[in-house]
Amino acid sequence: MNFTDELSKKTQTAERWLKRLSPNGEGYHKTIFEVVNYSLEAGGKRIRPVLALGVCEMLGGREEDVMPLACAVEFIHTSSLIHDDLPCMDDDDLRRGKPTSHIRFGEALALLGGDALLFYAFETIANAGLPADTALEAVKILASASGISGMVGGQVIDIKGADSYDELISLYKMKTGALLEASVKLGVLAAGNTDPKVRDALDAYAANLGIAFQIKDDILDVEGEEKVIGKKTGRDAAIGKKNFVNSLGIDGARLASVEYANNAKNALQMFGDKSKFLVSLADYLIFRNK
Ligand code: GRG
């Protein structure tokens, strides 16, 4: 199968599982189901679940073992997008091609929608029927990637503003890289692979991919088309936020994204042909138009 077909197949698998595992219910509080599903169903590239699935399959694992974990990452990611768009954060009114959650439902419900999805991610892991030690390890991976020294910590640096190149890299590793790294780690966990060499190689792949992905996000903020990427462009310039493009120029940023993607691909050498999908995914992510 060529890369495009494989990506499309894995994305469809992610959509199918998200539909199956997304929160659903009735009751006096039923509005919250509408709030969370509005953002989940708005789409998105589903890169994180696809990555978890790609890693798990490369290591010989099964779809049914990885997809509840992969969906949990997408729940956290979607929760972070809802919070990121709030007036107290980036104050955006467009996301995934639709009005942001707080524009549609008001700030209080958007805040609660993000909160609800965060907890729901862990509920999903707990209900996945995994052996207790696997579930515990999955919780550890996801909680530390999302929390104080992961995505939330990265957002704290983002709010303050990075003062140096090194700080910018730390920010990217935490705010964006941590969840991509967690996706890869969960793929390894679901496949039951405990070989330290395998883990180190895939950790290196994910760490470099995370930085490359965020640099491309910076590039799209400058040259992306709003209609295609589904969110407002020019945001970093508007609020004077330091990023790779205004630090290195557009060509420098492009070069840096290629360099990090190359590092990611090189980390996969030990897997030979089996890593074809993950190698192509790195290229796809730095040349994407949304
Ligand atoms: C959820 C408790 C909690 C806190 C959130 C707001 C915040 C703290 C963190 C910000 C995280 C964030 C939005 C990082 C940017 C990562 C990024 C490049 C997002 C865009 O990801 P894509 O391109 O989006 O995969 P789609 O829509 O395709 O899923």
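**Reading the ligand site and helix α3**

Author: Start with one contact: an N or O atom in the side chain of H77 is 2.8 Å from an oxygen atom of the ligand. The model is predicted.

Reader: Which other side chains put a polar atom by a ligand oxygen?

Author: A pair of N or O atoms counts as a polar contact within 3.5 Å. For K45, the side-chain N or O atom is 2.6 Å from a ligand oxygen. For R96, the distance is 2.8 Å.

Reader: How much of the ligand does the protein bury?

Author: Compare the ligand alone with the ligand in place. Alone, the ligand exposes 740 Å². The protein buries 91% of that.

Reader: Which elements give two or more residues to the shell?

Author: They are α4 (63-85), α8 (151-160), α9 (165-191) and α10 (196-223). The largest share, six residues, comes from α4.

Reader: What classes of residue make up the shell?

Author: Sort the residues by class. The shell has five nonpolar, eight polar and six charged residues. Of the 19 residues around the ligand, K45, R48, H77, S79 and R96 come nearest.

Reader: R48 also belongs to α3. Is α3 enclosed or open?

Author: Count its buried residues, those under 20% relative accessible area. In α3, eleven of the twelve residues are buried, so the helix is largely enclosed by the rest of the structure. Among the buried ones are R48, P49 and M58.

Reader: What covers them?

Author: The cover includes α1 (3-21), α4, α9, α10 and α14 (276-287).

Reader: What follows α3?

Author: G60 follows, with a positive phi near 85°.

How values were computed
Residues numbered from 1 in each chain as written. Predicted model: local features only at pLDDT ≥ 70, side-chain atom pairs only at ≥ 80, totals over all residues. Heavy atoms only, no water. Near = heavy atom within 4 Å. Polar contact = N/O pair within 3.5 Å; in protein donor to acceptor, adjacent residues only side chain to side chain. Areas by Shrake-Rupley, 256 points an atom, 1.4 Å probe, with all protein chains shown as cover. Helix = DSSP H or I, 4+ residues; strand = E, 2+ residues; numbered from the N terminus. Nonpolar A, V, L, I, M, F, W, Y, C, P; charged D, E, K, R; others polar. Buried < 20%, exposed > 50% of the residue type's maximum accessible area, 1.4 Å probe, protein only. Contact = heavy atoms within 4.5 Å.
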